[in-house]
Amino acid sequence: MNRTPILFLNVLVIAACGLVYELLAGTVASYVLGDSVTQFSLIIGLYLSALGVGAWLSRFLDRDLAARFVDVELAVALIGGLSAPMLFLGFARLEWFRLFLFLVVFAIGVLVGLELPILMRLLREHLDFKELVSRVLTFDYAGSLFAAVLFPMFLVPRLGLVRTSIVFGLLNAAVGLYGTWLLRPLLRGVTVLRVRAAVVILILVIALLRADTLTTLAEDELYADDIVYSTSSPYQRILVTNNAAGFQLFLNGNLQFSSADEYRYHEALVHPAMSTAGSPRRVLILGGGDGLALREVLKYRSVEQVTLVDLDPKMTTLSSKFAPLRALNHNSFRDRRVHVVNEDAMVWIERVRDTFDVAIVDFPDPSSFSLGKLYSTRFYRLLRARLAPEGAISVQCTSPLYARQAYWCIIRTLEAAGFAVRPYQTTVPSFGVWGFALASPRAFQAPVSVGVSTRFLDVPTLASMFVFPRDMSPVPVEINRLDNQMLVRYYEDEWRKWS
């Protein structure tokens, strides 16, 4: 039998599996450690260097190459297939998690680095060197492309991280098991190899059947309260916990709000801008896919249309999936005045030509460069062009107490984009002291009252929010630009002190 075509197919599968394990490690690290650019850079660099180590070690394998190939496949299947649950559990339980993460990535990289050199040596009897190298590399790169496309578009949103790692572990194990038939003439002790393969497959099948339990076990270790809802999208992990005080929403492990005190945050975010704009008719909400800022906006009778732009459709449909959120946001997405757009805010605002009286900017904190662009001079200038001359915007700006430089960087960036800005802050028990910015294309005075019913804001409270104590007063900072996102660096450096 001509084994060559099937061995080349194995190259494609091996490459796909190797890249998926690398992406899984980077994604898990980003979820639990933040700063996706740093995590992916370190993991990609370590993984590639480990591939080199594996390729170098392959030179010491001279005998029983077919058996060694099967052994390597089974080792990759076991370590790679269980990598996601191991990393989640490791983060919750190990003080030396970073070292554990790097060891897992390095081990997978070394094993994957062994695979191709062994396979090429098995194929060299059938092809000349030039043909062998070109075909192996072609299938290797094709497998990597296949995995890179499949990972964000299907695997993470449909299977989740734990199931994805186990499924690709099974693929590696299947390659190893089939190798005991494909390479039968070159093998000794084939029965032992098949038993090993069967044991590995059995472990992974059990893990796949218990994937929900593994995911729950891992996430239960990360969260203090009971998890009542969870899902994954191409953009983030969405999770809701519940305790005696109410429920809490987390995105990629970061708390977004607690139902017990979210009204403080959302009233502070929305009403200063709405009051500054007078009688706003057209309102833009950027982010805010939970519908809580939208709830506050819809209190104003003057509002005729609200456009809410949130990247993730799973976030904007969460209230239909999770009834307590629907009750908390007063079923705001069902209001006929509301139009939802699921698109990247930067892309959308560059294309749209509508004008708005108020813009409420409720993005997550600038913990990565993909989020940092939404706090840049470029973005704020685009937003200013979409604002009516007498309009106003409010922006959530992280904590001026815990991340003082990051907060004032956002303020100075808004000013550099042509806004008149009035910084303000308030206390939200779940977050501590939290900062905002009220801005307009024109000079303006801070509002003195709110014209709708509120639970938290009143005249004295509103006035006090625009007063900053000495430990939150301005500090020298650089402007956050699209090509040099100083804000993300400030944010990571400052919040790291509190983690």
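Reader: How many bridges join strand β2 to strand β3?
Author: This is a predicted model. Strand β2 covers residues 237–243 and strand β3 covers residues 246–251. The two run antiparallel. The number of bridges joining β2 to β3 is six.

Reader: Which residue in β3 is the bridge partner of asparagine 242?
Author: Take two bridge pairs of β3. Isoleucine 238 has leucine 251 as its bridge partner. For asparagine 242, the bridge partner in β3 is phenylalanine 247.

Reader: Through how many residues does a hairpin join β2 to β3?
Author: β2 ends at residue 243, and β3 starts at residue 246. A hairpin makes the link, and the number of residues it passes through is two.

Reader: Which residue in the turn between β3 and β4 has a positive phi?
Author: β3 and β4 pair antiparallel over four bridges. In one of these pairs, leucine 251 meets asparagine 254 of β4. The two strands form a hairpin with two residues between them. In that turn, the residue with a positive phi, about 50 degrees, is asparagine 252.

Reader: Is β3 enclosed or open to its surroundings?
Author: Buried here means under 20% relative accessible area. Six of the six residues of β3 are buried. So β3 is, with respect to the rest of the structure, largely enclosed.

Reader: Which are the edge strands of the four-strand sheet?
Author: The order is β1-β2-β3-β4, in an open sheet with antiparallel pairing. An edge strand of this sheet pairs on one side only. The twist averages 20 degrees from one strand to the next. The edge strands are β1 (226–232) and β4 (254–258).

Reader: What is the average twist in the sheet of seven strands?
Author: This open sheet has mixed pairing and the order β7-β6-β5-β8-β9-β11-β10. Its edges are β7 (338–341) and β10 (420–428), each paired on one side only. From one strand to the next, the twist averages 15 degrees.

Reader: How many residues of strand β8 are buried?
Author: Strand β8 spans residues 356–362. In the sheet order, β8 sits between β5 and β9. The strand is mostly covered. Of its seven residues, the number buried is seven.

Reader: Which residue in β8 is the bridge partner of leucine 284?
Author: Strand β5 (residues 282–287) pairs with β8 in the parallel sense. Five bridges hold that pairing. In β8, the bridge partner of leucine 284 is alanine 359.

Reader: Which residue in β9 stands opposite isoleucine 360?
Author: β8 and β9 run parallel. Five bridges join them. Opposite isoleucine 360, in β9, stands serine 394.

Reader: What is the bridge partner of valine 395 in β11?
Author: Strand β9 (residues 387–396) pairs with strand β11 (residues 432–440). The sense is antiparallel, over four bridges. In β11, the partner of valine 395 is alanine 437.

Reader: At what angle does helix α17 run to β10?
Author: Helix α17 takes in residues 404–416. The helix lies across β9, β10 and β11. Its angle to β10 is about 155 degrees.

Reader: Why are the buried residues of α2 on the same side of the helix?
Author: Helix α2 (residues 36–57) has 22 residues and reaches 31 Å from first C-alpha to last, close to the expected 32 Å. Its buried residues include Gln39, Ile43, Tyr47, Ala50 and Gly54. Residues three or four places apart in an α-helix point the same way, because there are 3.6 residues a turn. These buried residues are on the same side of α2 because they cover an arc of only 65 degrees.

Methods: Residues numbered from 1 in each chain as written. Predicted model: local features only at pLDDT ≥ 70, side-chain atom pairs only at ≥ 80, totals over all residues. Heavy atoms only, no water. Pairing = 2+ DSSP bridges. Axes fitted to C-alpha atoms, helices over the stretch in contact; angles between N-to-C directions. Contact = heavy atoms within 4.5 Å. Expected span 1.5 Å × (residues − 1). Buried < 20%, exposed > 50% of the residue type's maximum accessible area, 1.4 Å probe, protein only. Arc of directions from axis to C-beta.
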